[in-house]
Amino acid sequence: MNKEDDTRSWFMRLRQFLQVEPQNKEQLINLLRNAQIRALIDSETLAMIEGVILFAQMKVRDIMLPKKQMTCVSKDAELSEIIKIVTQSGHSRFPVTDKNDVIGVLHAKDLLRFQTEENNEFDLQDIVRQATFVPESKRLDILLSEFRSNRNHMAIVVDEYGEVSGFVTLEDIIEQIIGDIEDEFDIDEEAYIKAHGDAHYIIKAHTPIDEFNEQLQTNFSDDSYDTIGGIVMTNFGYLPRRGETIMIHQFEFKIINADARGIKLLECFDLRPHNRNNVE
């Protein structure tokens with residue numbers, strides 16, 4: 001059987017399974033999950049279909065990074081200060097602020113020429129790009145269409161009073177459909193934890209608690225939860241968004257990646273003064 005026949009067979013089986021017409025989105029999702037259990041579709045396909053279904057009803061406020069967690073650059077900042085912010089954050093775009101107002105967006109790549117040319121006077125105003133503003137209530141599918149047509153990758157989010165409440169990126173939107181996009185924080189498939197220097201780790205949320213305890217030499221209880229992500233979410237008391245932080249014992253956890261279904265990736269700082277061992 002060739003690839004075309006395989007595809008036709010797959011759709012035939014799925015159509016037969018879905019002959020009972022679902023009455024709402026929840027029933028449709030349940031049918032799809034049953035299809036995955038019966039091996040009609042794989043888990044990756046299921047996750048993507050669910051993402052598309054949920055995506056149509058999501059708004060910018062559901063995925064935006066809140067204002068208090070934005071990494072911004074002041075319009076009066078010196079080049080050395082800006083480079084430090086860019087290097088430490090690892091981001092590629094930064095809202096530029098004048099007091100509490102966002103006046104534009106800085107692309108990190110626009111700083112490159114100031115690193116290579118001698119005696120080049122720096123003026124941030126010369127390279128700041130115009131910011132795109134969108135309301136919290138805008139639908140994600142509409143914003144995605146606008147991003148594509150305008151070739152934009154970032155928008156500043158404002159509330160009903162016109163005040164800045166956060167920002168959203170093209171990557172944030174796409175991840176709602178296709179899942180995680182690998183970046184510098186991602187870990188090899190076979191690893192749960194990756195060290196980034198003394199007492200600084202990137203950790204998969206589904207890391208078993210006993211694995212976390214063994215590698216970081218601690219004693220989190222696994223009586224109620226199986227994974228470190230379960231402990232983190234319980235301490236938040238809600239499903240946190242990317243960029244939110246929390247202290248648990250002497251560990252500071254920051255959400256690197258999360259979607260509407262759960263936490264996926266964590267940044268962890270071990271603040272215990274007596275323990276500075278690296279993960280091998």
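**Accessibility and local geometry in a predicted model**

Trainee: In this predicted model, is histidine 249 buried or exposed?

Mentor: The relative accessible area of histidine 249 is 64%, and the cut-off to compare with is over 50%. Because 64% is over that cut-off, histidine 249 is classed as exposed.

Trainee: Where does histidine 249 lie, given that its phi is positive although it is not a glycine?

Mentor: The phi of histidine 249 is about 55 degrees. As for its place, the flanking elements are strand S10, covering 245–248, and strand S11, covering 251–259. Histidine 249 therefore belongs to neither strand but to the loop between S10 and S11.

Trainee: Which loop holds glutamine 217, and what is its phi?

Mentor: Glutamine 217 lies in the loop between H8 and H9, and at 49% relative accessibility it counts as partly exposed, because exposed would require a value over 50%. Although glutamine 217 is not a glycine, its phi is positive, at about 55 degrees.

Trainee: Which residues form the negative surface patch?

Mentor: One of them, aspartate 222, sits in the loop between helix H8 (209–216) and helix H9 (228–236). Its relative accessibility is 44%, so it counts as partly exposed, and it passes the requirement of over 30% for patch residues. The complete patch consists of Asp210, Glu214, Asp222, Asp223 and Asp226.

Trainee: How many disulfides does the model contain?

Mentor: Two cysteines can be described by their accessibility: cysteine 72 is partly exposed at 27%, whereas cysteine 268 is buried at 0%. Accessibility does not enter the count, because a disulfide is a pair of cysteine sulfur atoms within 2.5 Å. By that rule, the number of disulfides is zero.

Trainee: How far apart in space are glutamine 125 and isoleucine 103?

Mentor: Glutamine 125 is located in the loop between helix H5 (112–116) and strand S5 (133–135), and with 44% relative accessibility it counts as partly exposed. In sequence, glutamine 125 and isoleucine 103 are 22 residues apart. Taken from C-alpha to C-alpha, their separation in space is 9.8 Å.

Trainee: Is valine 164 buried or exposed, and how far is it in space from phenylalanine 133?

Mentor: Valine 164 belongs to strand S7, residues 164–169, and its relative accessibility is 14%; because this is under 20%, valine 164 counts as buried. Along the sequence, 31 residues separate valine 164 from phenylalanine 133. In space, the C-alpha to C-alpha distance between them is 8.8 Å.

Definitions and conventions. Residues numbered from 1 in each chain as written. Predicted model: local features only at pLDDT ≥ 70, side-chain atom pairs only at ≥ 80, totals over all residues. Heavy atoms only, no water. Patch = residues over 30% accessible without salt bridge, like charges linked within 9 Å, V, L, I, M, F, W, Y side chains within 5 Å. Areas by Shrake-Rupley, 256 points an atom, 1.4 Å probe, with all protein chains shown as cover. Salt bridge = Lys/Arg side-chain N within 4 Å of Asp/Glu carboxyl O. Lys, Arg positive; Asp, Glu negative; His and termini not counted. Charge placed at Lys NZ, Arg CZ, Asp CG, Glu CD. Helix = DSSP H or I, 4+ residues; strand = E, 2+ residues; numbered from the N terminus. Buried < 20%, exposed > 50% of the residue type's maximum accessible area, 1.4 Å probe, protein only.
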